[in-house]
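Colleague: I'd like to learn how to read a model like this one. Where do we start?

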Amino acid sequence: MVSQPTTSISDLSPLEQCECGDIGFRTVPRDDVLCRLQTMLSANADTPLMVGVVLVQINQYQRILGSYGYRFAAMLSKMMLKRLNEKLPSKVTVIPLSLAEFVVLLPDLKIRQQLGLAINKIRQIVFPLFSVLGSSFRVNVTIGASYSVDRAVQAPELMRLADSALLHAYDGRLPQCIHDDIPAEENEIPFLALQLDLERALAQNEIGSVFQPKVDVHTGEVVGVESLVRWTSPVFGAIRPDLIIATAERGGLINDLTFQTLNNAILQYRRWGENAVPIAVNLSPEVIPDPALMRFIGRRNIWGMPVEALTLEITETAFMENPEKAMEVFSEFNEMGIKLSMDDFGTGYSSFEYLKNIPIQEIKIDRAFVDNMRNDRKDRLIVHTIAELAHGLGLRVIAEGVEDAETYHLAMEAGCDVVQGYFISRPLPPDEFVEWLRRGDWYRP
Ligand code: G
Ligand code: G
Ligand code: MN
């Protein structure tokens with residue numbers, strides 16, 4: 001008689017002893033996924049069929065873990081895996097990469113649209129409530145996908161494309177993304193390398209500023225300039241300003257960038273001497289709560305530029321992300337004598353409550369409204385109404401994005417005080433600004 005081996009509780013590992021023990025959710029290493037993927041790609045080699053990779057990530061999984069614990073979270077993941085397996089066609093492979101991430105491999109796509117349909121199907125499957133330990137749950141997912149458009153693509157690259165699509169979705173706060181939706185230049189410039197080069201450029205003072213004039217609509221007099229960041233990376237070429245800002249924000253470099261743009265402004269102001277005009281600098285919402293920046297701006301003696309000549313432009317959205325903090329910081333700026341301007345007005349969600357109390361001196365109406373005044377009576381009405389409201393509150397009104405004489409006059413009729421845009425001038429390098437000022441040939445009504 002063969003004696004059965006018996007296991008006593010003391011033989012078990014601590015994990016197995018604990019009552020939450022094994023939920024039976026096994027993740028698969030990426031290496032194994034790549035093997036499966038490569039097999040699918042090889043199987044299609046002599047056919048026109050393509051392979052699709054769909055990464056499905058549960059949003060805020062850390063919140064589920066932190067609020068309900070591992071056991072609960074793992075049961076949810078297990079239910080989701082089960083649903084996907086049951087509801088997707090059997091030729092489709094669903095693999096759990098982690099508790100929060102699944103990869104769905106589609107072996108035989110005929111056209112790209114099928115990938116989109118598969119993504120919709122996955123959303124439909126995931127959407128209905130999950131019931132875990134007596135509680136109902138809605139799971140939200142972010143999806144990144146790729147497919148073998150390029151017939152020669154290998155599994156690791158196809159997987160990377162899906163990962164980069166998922167990243168793009170997160171960065172853009174999109175629900176989903178397929179790799180060929182990503183703008184080409186974003187694929188060409190790897191974020192981490194760009195971040196490193198930006199860090200170096202900041203250390204070496206390579207970030208430049210250009211200046212776009214603002215003129216009084218009635219007199220045509222230059223009342224100031226807006227400084228706009230410019231940078232040509234020696235490695236990647238000219239980088240769009242919004243990409244510079246996004247890279248700086250994500251890479252923890254935004255404070256340095258702000259110091260540099262403020263420094264550029266101060267330096268230029270001094271160099272312009274008798275031609276100097278007030279300068280507006282854009283402030284990223286990320287730097288608003290930074291005490292070091294506040295101290296820097298507050299140290300009047302290092303300026304060599306009267307504080308009164310500085311305006312800070314902050315977008316309406318930035319104001320509203322943290323209104324209390326914004327209110328506090330802006331009051332401090334105000335006490336220092338610095339002017340504040342609410343940028344891109346009309347596109348965010350400011351409440352009248354804040355508009356009433358926030359210590360700003362100026363509103364810049366978003367160019368989307370300004371630009372469209374020529375074509376649309378409603379946009380004229382919006383600009384007119386914003387101007388009237390702003391004047392009632394004692395604020396100056398700027399129309400940005402004025403591109404022709406007609407818009408200039410419409411802005412004037414709508415009651416705007418100042419105009420800015422290509423029609424007056426493009427943003428100018430510092431030396432050209434002085435020349436432009438000397439020539440004095442910009443439009444006057
Ligand atoms: O010229 P333009 O393409 O430069 O600018 C694009 C966007 O980038 C604008 O919305 C502008 O507000 C923003 N921007 C330009 N320069 C700066 C800067 O120095 N700091 C911040 N935070 N934003 C800037
Ligand atoms: O968001 P902010 O106001 O800071 O944006 C300034 C941006 O608008 C810069 O990118 C600048 O180059 C751009 N810009 C300035 N004048 C015009 C214009 O007349 N038309 C268009 N389309 N863009 C303009
Ligand atoms: Mn601006």
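Modeller: Start with the idea of a core. A nonpolar core is a set of buried Ala, Val, Leu, Ile, Met, Phe, Trp, Tyr and Cys residues joined through side-chain atoms within 4.5 Å. Keep in mind that this model is predicted.

Colleague: How many residues does the largest nonpolar core have, and which have the most contacts inside it?

Modeller: The largest core holds 82 residues. L312, F333 and I363 have the most contacts inside it. Helix α10, residues 254-272, gives the largest share of this core, with seven residues. Another core lies apart from it and has 39 residues. Y61, L76, M80 and L84 are among them.

Colleague: Take L312. What is L312 in contact with, leaving aside its neighbours within four places in sequence?

Modeller: Look for heavy atoms within 4.5 Å. On that count, L312 touches L262, V281, L283, I297, F333, I338, K339, L340 and S341.

Colleague: Now the ligands. Which residues are around ligand 1?

Modeller: Check which residues have a heavy atom within 4 Å of the ligand. For ligand 1 they are L228, V229, R230, P241, I245, T261, N282, L283 and S284. By type, this shell has five nonpolar residues, three polar and one charged. Strand β9 gives the largest share, three residues. Both β9 and α9 (241-250) supply at least two.

Colleague: Which atoms of ligand 1 pair with R230, N282 and S284?

Modeller: Go pair by pair. A side-chain N or O atom of R230 is 2.8 Å from an oxygen atom of ligand 1. For N282, a side-chain N or O atom is 3.4 Å from an oxygen atom of the ligand. S284 uses its backbone: an N or O atom there lies 3.4 Å from a nitrogen atom of ligand 1. Then check burial. Alone, ligand 1 exposes 490 Å², and the protein buries 73% of that.

Colleague: And ligand 2? Which residues come nearest?

Modeller: The shell has 14 residues, and E226, R367, E400, E403 and Y422 come nearest. It divides into four nonpolar, four polar and six charged residues.

Colleague: Which atoms of ligand 2 pair with E403, Q212 and D344?

Modeller: A polar side-chain atom of E403 lies 2.5 Å from a nitrogen atom of ligand 2. For Q212, a polar side-chain atom is 3.0 Å from a nitrogen atom of the ligand. D344 has a side-chain N or O atom 3.0 Å from an oxygen atom of ligand 2. Taken alone, ligand 2 exposes 520 Å², of which the protein buries 79%. The elements giving two or more residues to this shell are β9 (222-233) and β13 (339-345).

Notes: Residues numbered from 1 in each chain as written. Chains lettered and ligands numbered in written order. Predicted model: local features only at pLDDT ≥ 70, side-chain atom pairs only at ≥ 80, totals over all residues. Heavy atoms only, no water. Buried < 20%, exposed > 50% of the residue type's maximum accessible area, 1.4 Å probe, protein only. Helix = DSSP H or I, 4+ residues; strand = E, 2+ residues; numbered from the N terminus. Polar contact = N/O pair within 3.5 Å; in protein donor to acceptor, adjacent residues only side chain to side chain. Areas by Shrake-Rupley, 256 points an atom, 1.4 Å probe, with all protein chains shown as cover. Nonpolar A, V, L, I, M, F, W, Y, C, P; charged D, E, K, R; others polar.
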